[in-house]
Every structure is written in C-alpha cells, then in structure tokens.
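Here is a short report for someone meeting this structure for the first time. Please look over the sequence and the model before reading on.

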Amino acid sequence: SYLKMTGQWLRRFHDMERLPGGTLDTDRLLEALTGDISSAGHDSDFSLSSGYRALEYTAEQVGKEQIPQGVLHGDFKPDNILISGTGTKGIDFAAMFRSTVTADLAHFINHLMLLTWEPRSIWNRLARLRPNMRNEFLAGYEAGGAKIPICPLLWMRLHSYLRIYSSQRSRPRSLGVSYLLVCLRQEIKWVSAALTKNVDHYMRT
C-alpha cells in the first residue's frame, strides 16, 4: 500500500547513513517551544498550556529512551513522496541534518492526520481509518528493523503540533485558519492523552 511503501522508502533513506542511537534533547526542545509561545503572547491559551504540561511531565522519561539517528529529509510529508510503477521517490528535501529519526516520522504522521480533516482531501474519506493509516506507515518503516519507541514519537508529534498551533494562532484570522486551529486543538488533545498514558504505563512496568 501507499503508506507502507512510504514508510519503507523513509527507512531506506535513513539507513543510508545510520548513526549511533541517541536521545531527544527534551530540555532544549522545551526551551525553544517556550520561547515561541512567549514571544507570540500565547501563554494563556488552554491548548498550548495543557499540551506543554504534557510535554513537561513526560520529558524526563522520554529523554532517557534510545532512538535511532540518521540524516533526515527535513520536510517529509505526503506531498513529498511519489509512488509509481517504477518505484518510490522522495522529493523536495529541506535542509538535511543529522538527528533522531522521530523528527521525520512525527512530521509525516502529523501532516497525514491533518489531511484527514480537510473536507476536499482524498484522505478525508479515510478519516475513520486514522489509526490504521498511522500503523501501516510505521509498519512499513519498521519492517526488517528495530521498532521505534512510541513515547519519543508521541512527544515529538505533540511538540510539532504545539509549534504549528502557536504559529497559526499568530496569523490574521480567516475561515481557513480558524478551522485549522480547531483541528489542531483536537489533535493536541488526543496526542497529549496518548503520550501521558503511554509514559505512565511505561513507568509502572
């Protein structure tokens, strides 16, 4: 399927220069997010504050988990993958850099989930299959290799959503921006809950 092949392509791309495993620098990422939120004057926003608390609560545990590292695409999303009879090809590479692979994975999954909210998108027709879509992409990525720890992936997804939300909230309000903010609030709520639940379960076991 498209999503499985996409995951497989990304894994091959990361494997071209696989580096020793690393960890998320959660302190640095939280500091950068705090700066974004404060400079935009959004400190009192409920979605931002509740999402930030979830990141803060789970940061210590997430920061201990080992994650594969590699050279990242930098802007990996559904628009930047082409699949045809001759194979799969990634396009529109951003400023490539070395980091934990969860950055590319979180970026793709978040964009995919947001596409399911767009009424005119083909992905909107598959919205009821959202968990299957995410799992199929990850299954393709993990085929023949190590599994990606769920907590760091959720943490990066939430961090990314909060940065997008803060940025969009600063834009002049239009129907499109207002709708995107509604979608992001729901995504932030879901991912925050999943992150907290998984970290709490990990700490109990």
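The report below covers one aspartate, two pockets and the cysteines.

## The model

This is a predicted model. Every value that follows was computed from it.

## Asp45, a loop residue

Start with Asp45. This residue sits in the loop that links helix 2 (26-39) to helix 3 (46-62). Its relative accessible area is 8%, under the 20% cut-off, so Asp45 counts as buried.

Which residues does Asp45 touch, once its neighbours within four places in sequence are left aside? The answer is Tyr165 and Arg169. Both contacts include a polar one between side chains. Asp45 and Tyr165 are joined at 3.1 Å. For Asp45 and Arg169, the polar contact is 2.7 Å.

## The largest pocket

Next comes the largest pocket. Its volume is about 380 Å³. The lining is made up of 22 residues. Nearest the centre lie Leu29, Phe97, Ala103, Asp104 and Met156. Four elements each give two or more residues to this lining: helix 2, strand 5 (98-100), helix 4 (102-115) and helix 6 (150-169).

Helix 4 contributes the most, with 6 residues. What classes of residue make up the lining of the largest pocket? There are 10 polar, 8 nonpolar and 4 charged residues.

## The second largest pocket

The second largest pocket holds about 330 Å³ of space. Its lining has 15 residues. Of these, Leu114, Leu115, Trp117, Glu118 and Leu180 lie nearest the centre. Helix 4 and helix 7 (175-204) are the elements that give two or more residues here. Helix 4 is thus named for this pocket and for the largest one.

By class, the lining of the second largest pocket has 9 nonpolar residues. The rest of the lining is 2 polar and 4 charged residues.

## Cysteines

How many disulfides does a search of the whole structure find? It finds 0.

Two cysteines can be placed by their accessibility. Cys151 has a relative accessible area of 4%, which is under 20%, so Cys151 is buried. Cys183 has a value of 2%, and it is therefore buried too.

## In brief

Asp45 is a buried residue with polar side-chain contacts to Tyr165 and Arg169. The largest pocket has a volume of about 380 Å³, and the second largest about 330 Å³. Cys151 is buried, as is Cys183, and the structure has 0 disulfides.

Conventions
Residues numbered from 1 in each chain as written. Predicted model: local features only at pLDDT ≥ 70, side-chain atom pairs only at ≥ 80, totals over all residues. Heavy atoms only, no water. Buried < 20%, exposed > 50% of the residue type's maximum accessible area, 1.4 Å probe, protein only. Polar contact = N/O pair within 3.5 Å; in protein donor to acceptor, adjacent residues only side chain to side chain. Contact = heavy atoms within 4.5 Å. 1 Å grid on protein atoms, 1.4 Å probe; cavity = no way out; pocket = protein on both sides within 12 Å on 5 of 7 lines; lining within 4 Å. Points joined across faces, edges and corners; volume = space filled by probe spheres on them. Nonpolar A, V, L, I, M, F, W, Y, C, P; charged D, E, K, R; others polar. Disulfide = S-S within 2.5 Å.
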